[in-house]
Structures are given as structure tokens and as C-alpha cells.
Amino acid sequence: MPRTRVDPVLTAIVEAATRGTGASHGLLLRIEGRVMRVAASAGALGWDVVGEPISAGEGVAGYVAASGQPLVLSAESADPRLGEGTASLLGHNPSSVLAVPVDGDSRIVGVLELIDPDDGLFDVADTEQAMLHAAVASAALTDDRLGALADVPEPAELAAELRRLADADPGRYATVATIIEALVR
């Protein structure tokens, strides 16, 4: 199965939100009809979850996508939404979740979800910070010019293409292809 490309802009947004709130995990979910798909992740989850689908009606993120309102939950609330949705990606129920809507021009286009802060609970300042990051994520998810970054080739693909060009015109591309191949290894 081909690997889903990691978008550097979306990843940077989620990494900033995760660091800023002290979360151990962060996810940006893009709404695609009845499914939300992980568009970017940060923290302990890593990039392996990018592209994974989650039902748009499940869990904390599902509630935020449907309501358009931020939501903070902790394990003390015994809310069943903590064990649904993105919890399947974690492999356990989180102790605390903060999710905020990513609002497009006329609809919710995604959800920024932050999980398990270092100090145990998210607060109002974390929610405000997450909302700021969600506003930036909105621009990145809805701006077609930024979407072109997803089409940037992987280093190995770039090296292969440069090798092909080097075979056709050795003097022009051979050195660049050799350098990129060395970096990929």
C-alpha cells in the first residue's frame, strides 16, 4: 500500500499546537464526507497514522465536527466519547482530550485534537491556543496553493527522476542525482 504523503505545513501546525499545549499527541483531522482522515499528526503518535480514517460521527472529534464547538474532556468525566474515534489510533483511552473545530469559510473542514497534556488537564489558555492553531490550519486546509505542497516528491522519487535525467544529460544532472541519492541512504 502506498504511503500517504506527510504535508509539512499541516505537520508544523500540529507540532506547534502540541508543543504549545504540552500535549503528548496531536492530530489534525480533515472532514471528507462521513469520514475524518488524519491529515497530520505530532508527538508520540508519529506519522504512521496520517491517512487513517475515523468515522465523522464518533468520539470527541466527531462531536466537535458536528457541533462546531470546542470540547475538553478528562477521564474523570467518564464520558464514553473518550474511548471512541481517535482512541483507536492510540490503542488506549486518553486521560484528557482537547478538540477544536477547524472552520472553513462556510463550514467546518476539520478538527484539531490534542491529547494527554503533560500536566494532566487542558485549561482555558490551552483552548485559546488551540483555536489560534486551528485558524492557521483552516487556511492551510482550504488554500489550494498550499495544497500543492502535498505533491512534493519524496527524496527517493526525486533521486530516481534526477538519475533518469542524468542518464539523458550526464553533465547537467549527474552530480545533483549523486548527492540526493547519498542523502536518501
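**Entry 1: a way in through Val-9**

I started with Val-9, whose place is in helix H1 (helices are DSSP runs of H or I with at least four residues, strands are runs of E with at least two, and both are numbered from the N terminus). This is a predicted model, so I kept in mind that local features need pLDDT of at least 70, that side-chain atom pairs count only at pLDDT 80 or more, and that totals for chains, interfaces and linings use all residues. Residues are numbered from 1 along each chain as its sequence is written, and side-chain values use heavy atoms, with hydrogens and water left out.

I looked up the exposure of Val-9 and found it partly exposed, at a relative accessible area of 26%. Here buried means under 20% relative accessible area, exposed means over 50%, and partly exposed lies in between, with a 1.4 Å probe and protein chains only. Then I checked a distant partner: Leu-141 is 132 residues away from Val-9 in sequence, yet their C-alpha atoms are 9.6 Å apart in space.

**Entry 2: H1 beside H4**

That pair led me to two helices. At what angle do the axes of H1 and H4 cross? I noted roughly 180°, with the axes coming within 10 Å; axes are lines fitted to C-alpha atoms, for helices over the stretch in contact, and angles run from 0 to 180 degrees between N-to-C directions. H1 is therefore roughly antiparallel to H4, a label for angles over 145 degrees (under 35 is roughly parallel, 65 to 115 roughly perpendicular, and the rest oblique).

I listed who meets whom: on H1 they are Val-9, Leu-10, Ile-13, Ala-16, Ala-17, Gly-20 and Thr-21, and on H4 they are Asp-126, Gln-129, His-133, Val-136, Ala-137, Ala-140 and Leu-141. Contact means heavy atoms within 4.5 Å. A reminder I wrote in the margin: an α-helix has 3.6 residues a turn, so residues three or four places apart point the same way.

**Entry 3: Val-14**

Is Val-14 buried or exposed? I found Val-14 buried, at 0% relative accessibility. Val-14 also lies in helix H1. Leaving out residues up to four places away in sequence, Val-14 touches Gly-26, Leu-27, Leu-28, Ala-40, Ser-41, Ala-42 and Leu-112. I also noted Glu-113, 99 residues from Val-14 in sequence and 8.9 Å away, C-alpha to C-alpha.

**Entry 4: the nonpolar cores**

Next I looked for nonpolar cores, meaning sets of buried Ala, Val, Leu, Ile, Met, Phe, Trp, Tyr and Cys residues joined through side-chain atoms within 4.5 Å. The largest has 21 residues, and Leu-10, Leu-28, Val-102, Leu-112 and Leu-114 touch the most other members. Two or more residues come from each of helix H1 (8–21), strands E1 (23–32), E2 (35–43), E5 (96–103) and E6 (108–117), and helix H4 (124–142). Which element gives the most? I found H4, with 5 residues.

A second, separate core has 19 residues, among them Leu-29, Val-38, Leu-89 and Ile-115. I then followed Leu-28: beyond four places in sequence, its contacts include Leu-10, Val-14, Val-102, Leu-112, Ala-137 and Leu-141.

**Entry 5: strand E5, two stops**

Pro-101 is in strand E5 and is buried, at 8% relative accessible area. I saw that Pro-101 touches residues including Val-64, Gly-68, Ile-108 and Met-131. Leu-112 is 11 residues from Pro-101 in sequence and 6.4 Å away in space, C-alpha to C-alpha.

Ser-96 lies in E5 as well, and I found Ser-96 buried, at 1%. What does its side chain reach? I traced the side chain of Ser-96 to the backbone oxygen of Leu-73, at 3.5 Å. Among the residues touching Ser-96 are Leu-73, Ser-74, Asp-116 and Phe-122.

**Entry 6: Asp-116 and H2**

Asp-116 lies in strand E6 and is buried, at 14%. I flagged its positive phi of about 50°, although Asp-116 is not a glycine. Just after H2, Gly-68 also caught my eye, with a positive phi of about 75°. In H2 (59–67) itself, the buried residues are Gly-59, Val-60, Ala-61, Gly-62, Val-64 and Ala-65, and they pack against E1, E2, E4 (71–74), E5 and E6.

**Entry 7: stepping back**

I counted 7 helices and 6 strands. Of the 185 residues, 42% count as buried. Among contacts between residues at least 6 apart in sequence, 54% join residues at least 24 apart.

Key. A polar contact is a pair of N or O atoms within 3.5 Å; within protein, one must be able to donate a hydrogen and the other to accept it, and residues adjacent in sequence count only if both atoms are side-chain atoms.
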